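Please walk me through this structure in the viewer, telling me at each stop what to select and what can be found there.

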Amino acid sequence: MDYEPVIGLEVHAQLLTQAKIFCGCSAKFGGVPNHHTCPVCLGMPGVLPVLNKKVVEYAMKMALAANCRINGECSFARKNYFYPDLPKGYQISQYDEPLCRGGHLGDVRIHRVHLEEDAAKLVHAGASGRIHGSDASVVDFNRGGTPLAEIVTEPDVRSAAQAREWLTLLRTTLRRLGVSDVNMEEGSLRCDANISIRPVGSTELGTKTELKNMNSFRFIERGINAEVARQEALLRDGGQVVQETLHFDPRTEAITSLRSKEEAHDYRYFPEPDLVPVATSVEMLAAARDAMPELPAAREERLQALGISAADARQLAWRTELGDYFEAALASGNSRVGVQSLANWVCNELVARVGEDDPNASKVRPDALAGLVALVAAKAVTVGNAKLVLDRLVAEGGDPAQIVEAEDLGAIAGGDDALEPIVDAALAANADAAEKIRAGNMKAIGAIIGHVMRETKGRADGAEVTRLVRSKLGL
Amino acid sequence: MSATDVTLLSAAAAARAVQRGELSPAELFQAYRAAAAADELNAYLWVADEAQAPEAPAGAPLGGVPLAVKDLFCTAGVPSQAGSRILEGYRPPYTASVVARLAAAGAPLLGKTNQDEFAMGSSNENSAFGPVLNPWDRTRVPGGSSGGSAAAVAAGSAPWALGTDTGGSIRQPAALCGIVGLKPTYGTVSRYGMIAFASSLDQAGPLTRDVTDAALLLAHMVGQDERDSTSIGFPGEIALPRSDSLAGIRLGVPEELSGAGVGIEPGVLDAFGATLKLAESLGATVETCRLPHAPHALSAYYVLAPAEASSNLARYDGVRYGARVEDGGLVGMYTQTRSAGFGPEVKRRIMLGTYSLSSGYYDAYYGRAQRVRTKIAEDFASAFERFDFVVTPTSPSVAFELGAKTADPLSMYLNDYCTVPMSLAGIPAISIPNGLSAGLPTGFQLCGPAFSENRVLEAAFALEQAIGFDAAGARSDGG
Ligand SMILES: [Zn+2]
């Protein structure tokens, strides 16, 4: 029997507001431990939370980007449990009246988006690295009370790869909105996955497990694959999946149980009496809508409509800075540049040279790259030499035409008399190859072209060389 | 004026004397400081020392008349323990908004008053620092939870005091000590810096010798506070009352809270009936009204308040401040710290609240109690269509003997029978001294719609003048 995974994701994204969600302390990552604190975020006796309105504004943008239905009124609730990183003994979150429900981002439906405060950071001294068995644990409350949006998807994801791809879209969307920097190392994006499997063709859901707190896209993919494999092996051996919360160790690939359903917390949710419900007005919604930038999904569609291939359009749309670079190059005004060939140069050649770095911060100005692509289109430089020019641009910047000129990299034009004697010499030096070509083996032309290219330092146009060879051999 | 003479003045009269230049605020402060330091009722947990005498506030509306403040208000650098062992010695880094507001208006901090632990109790016997004694009879309780504040004002060691009322914690001790206690409309006074018992019910209010003092203090307490999202302030200003008539006032007397079968002591009922007659003589009409859901108020209250408390008190975990008992691991520390730090009544309410919020019980307890709360608010709303005020005895009994009810929590809870409905409805209610029963004070409670404080104070003032209560029995010097 074949099984298919059914996966739902719960993503915690830290919102990039200046201040924390319920006090005026800085929400900036890092800093001297316990310096971004006040009586409110330390949970001192007698303090009260006051909602940071910027958090609502950011979350509304996020909800609009995910095509969510924003509720006219939302409210906060207390989620009660004891832990040293939770200074009040409860987390202020949203329960039965979240900011919004429904919606979709890409091909995955959104169940709900709600707001909550982050816990503080625990650091454990000792070998175990966890609270149990540690010699001592200390708490840094700088992170406590920073605003989080929790995005819960419907169980629409069918593979680990799809999960990773969707998270990439989410990350790009959040960055594009400017509401989160979505930096997994700094913990500003954390992901849990609810995973079950079922026989292919079945519409019933199997028993799910929850894989907690994965903090890199790679670990998420590996963790989901490992858990799906574990569940499959279990079912194939006639066993049953038990509902439990699991931890994936990326070093050992081991999956361990954190707690079973019986041990699950009873969070005793109840309406937060220290806060009043938040009314989301038509004006607030309109303001958020007006402030929306073009989102990756829309950009992808628009780029495809320009005639760019699906793969390049997605890459340009999902890497905002790459898309911005491309559009700047396109707008630099060289009408001879083909849209798709420019996309090729950005997505392949440029990315191969700058990697994950922001190309806008590189030495290659967008108009310089567009100029180089235009030189190629005009056959003023060969593709091979254009790549050398790009190497120079990446290393030193500058103007492509000047580099071509200074380095004598300009193509030898088709009508140029200079090419003919070189082709003649190449035919003479490669008589075997010439014979084979005459006999109909066109593969042998490579040796002739190679000879010409060596002689011209790559400045010859391959197509022109081929034309000359054929005519001289009477083909 | 001698020191004793000074402390005989009402707070408003003392403020006037300061403003006229007849009395120095330093002299006033020292007279009360000495009286508070000499307190024999265990009313204070902390008293300002002589060096802390504040600068005379020039032209401040409260004239430098010092203020006794219930322990649970946070006061920067000054012990604020909410009557609990778990916060023993805790000195907060900040001051509660209302205390800061009153200090700015010219009411400096005189001392911190004893209370039931986390405001849970009706006799002050739940304080971790020992019970407060009733100044009328030191073998009896002062009521609670603001028992220290009530006893201090009644005994004359404080000109006025700040208390908090969750289900009657200002009004009931005011009644048992023969003073005035006012619980304002929920949201008029900031809760920022008040150590929480039940957030949706807690409200700060004045405990004073007379209605005028209550109005004067309240006038400088109300106001919206950006640090408290639930604070709404007061529309307009609190005025000093001056009415001597109740002409045209319609008083509703709810059978459910004052009838023969509801367990109110005969002496208290007699005093209540006599004041109703007095009200009629001042021009009021008195009629029976109905609050059909009021008999369920106490049950709803003892679901809702403990539920909120179970969550509010979770922060006392030994991690950041207050007491900590080490016991190897984390769970051990939590358990030992909270076992040692909380008293039995607090533990009882944490257990009650935890239970009623538990999955599977939430709808049956918390959900149903919230519906009862709505019904009670509707009962009052319809009563106020026909009546200006609803009036009841404040407490079903006079001050009882220390230890009389400690073994029976349910009979202790019944002390709040007449005060809890107004708390659930969030409406203003005042208790004024209503004569004596067997030598001990009784209280008369008058409540009105939300934000009717000015009218409530006017009516209470008119009644107060007519009743002519003699408070001398509470003063050790005999007046
Ligand atoms: Zn803070």
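The tour below starts with chain A as a whole, moves through its strands and the nonpolar core, and then turns to chain B.

**Chain A as a whole**

Keep in mind throughout that this is a predicted model. Begin by selecting chain A, which holds 15 helices and 17 strands. Its radius of gyration is 30 Å, well over the 23 Å that the globule rule gives for 475 residues, so chain A is more spread out than a compact globule. If you orient the view along the principal axes, the C-alpha atoms of chain A fill a box of roughly 95 × 55 × 45 Å. Of the 475 residues in this chain, 41% count as buried, and among the contacts in chain A between residues at least 6 apart in sequence, 69% join residues at least 24 apart.

**Where chain A touches chain B**

Next, display both chains and select the residues at their boundary, where 25 residues of chain A are in contact with 35 residues of chain B. On the chain A side, the residues that touch chain B divide into 16 nonpolar, 4 polar and 5 charged.

**Strand 1 of chain A and its partners**

Now select strand 1 of chain A, residues 3-14, together with strand 12, residues 189-199; the two pair in the antiparallel sense over 11 bridges. To fix the register by eye, pick A:Gly8, which stands opposite A:Asn194 in strand 12 of chain A. Strand 1 of chain A also pairs with strand 11 of chain A, residues 147-153, again in the antiparallel sense, over 5 bridges, and here A:Ala13 stands opposite A:Ala149.

**A three-stranded sheet in chain A**

Move on to the open sheet of 3 strands in chain A, whose order is 5-4-16 and whose pairing is antiparallel. Strand 5 (90-93) and strand 16 (270-271) of chain A stand at the edges, each with a single partner strand, so one side of each is left without a neighbour in the sheet. Strand 4 of chain A, residues 77-80, pairs with strand 5 of chain A over 4 bridges, and A:Arg78 is the residue to pick if you want the position opposite A:Ile92.

**The largest nonpolar core**

Which residues have the most contacts inside the largest nonpolar core? They are A:Ala59 and A:Val113, in a core of 277 residues. Helix 10 of chain B, residues 297-312, gives the most to this core, with 10 residues. Centre the view on A:Val113 and, leaving aside its neighbours within four places in sequence, you will find among its contacts A:Ala59, A:Met62, A:Cys68, A:Leu99 and A:Ile151. A:Ala149, the residue that stands opposite A:Ala13, is also in contact with A:Val113.

**The mixed sheet of chain B**

Switch to chain B and select the 11 strands that form an open sheet in the order 1-3-2-4-6-5-10-11-9-7-8, with mixed pairing. The edge strands are strand 1 (44-47) and strand 8 (285-289) of chain B, each of which pairs on one side only, and the twist averages 30° from one strand to the next. Within the sheet, strand 5 (residues 180-183) and strand 10 (residues 429-437) of chain B run antiparallel and are joined by 3 bridges, with B:Leu182 opposite B:Ile430.

**Two helices of chain B**

Add helix 13 of chain B, residues 363-386, which lies across strand 7 (250-254), strand 8 and strand 9 (389-393) of chain B and runs at about 145° to strand 7. Then select helix 4 of chain B, residues 97-104, in which B:Ser97, B:Val98, B:Val99, B:Leu102 and B:Ala103 are buried. What covers these buried residues includes strand 2 (67-70), strand 3 (109-113) and strand 6 (203-208) of chain B. Helix 4 of chain B is followed by B:Gly106, whose phi is positive, near 100°.

**Backbone details in the loops of chain B**

Finish in the loop between strand 3 and helix 5 (147-155) of chain B, where B:Ser145 has its place; the peptide bond from B:Gly144 to B:Ser145 is cis, with omega near 10°. The loop between strand 3 and helix 5 of chain B also holds B:Asn124, which has a positive phi of about 65° although it is not a glycine. Is B:Asn124 buried or exposed? With 35 C-beta neighbours inside 10 Å, B:Asn124 counts as buried. For a last selection, take B:Asn42 in the loop between helix 3 (25-37) and strand 1 of chain B: B:Asn42 has a positive phi of about 65°, although it is not a glycine, and is partly exposed, with 19 other C-beta atoms within 10 Å.

Note on methods. Residues are numbered from 1 along each chain as its sequence is written. Chains are lettered from A and ligands numbered from 1 in the order in which they are written. This is a predicted model: local features need pLDDT of at least 70, side-chain atom pairs count only at pLDDT 80 or more; totals for chains, interfaces and linings use all residues. Two residues are in contact if their C-beta atoms, placed from the backbone, lie within 7 Å. Ala, Val, Leu, Ile, Met, Phe, Trp, Tyr, Cys and Pro count as nonpolar, Asp, Glu, Lys and Arg as charged, and the others, Gly among them, as polar. The radius of gyration is taken over C-alpha atoms; the globule rule is 2.2 Å times the number of residues to the power 0.38. A residue is buried if 20 or more other C-beta atoms lie within 10 Å of its own, exposed if 12 or fewer, and partly exposed in between; C-beta atoms are placed from the backbone. Two strands pair if DSSP finds at least two bridges between them. A nonpolar core is a set of buried Ala, Val, Leu, Ile, Met, Phe, Trp, Tyr and Cys residues joined through C-beta atoms within 7 Å. Axes are lines fitted to C-alpha atoms, for helices over the stretch in contact, and angles run from 0 to 180 degrees between N-to-C directions.
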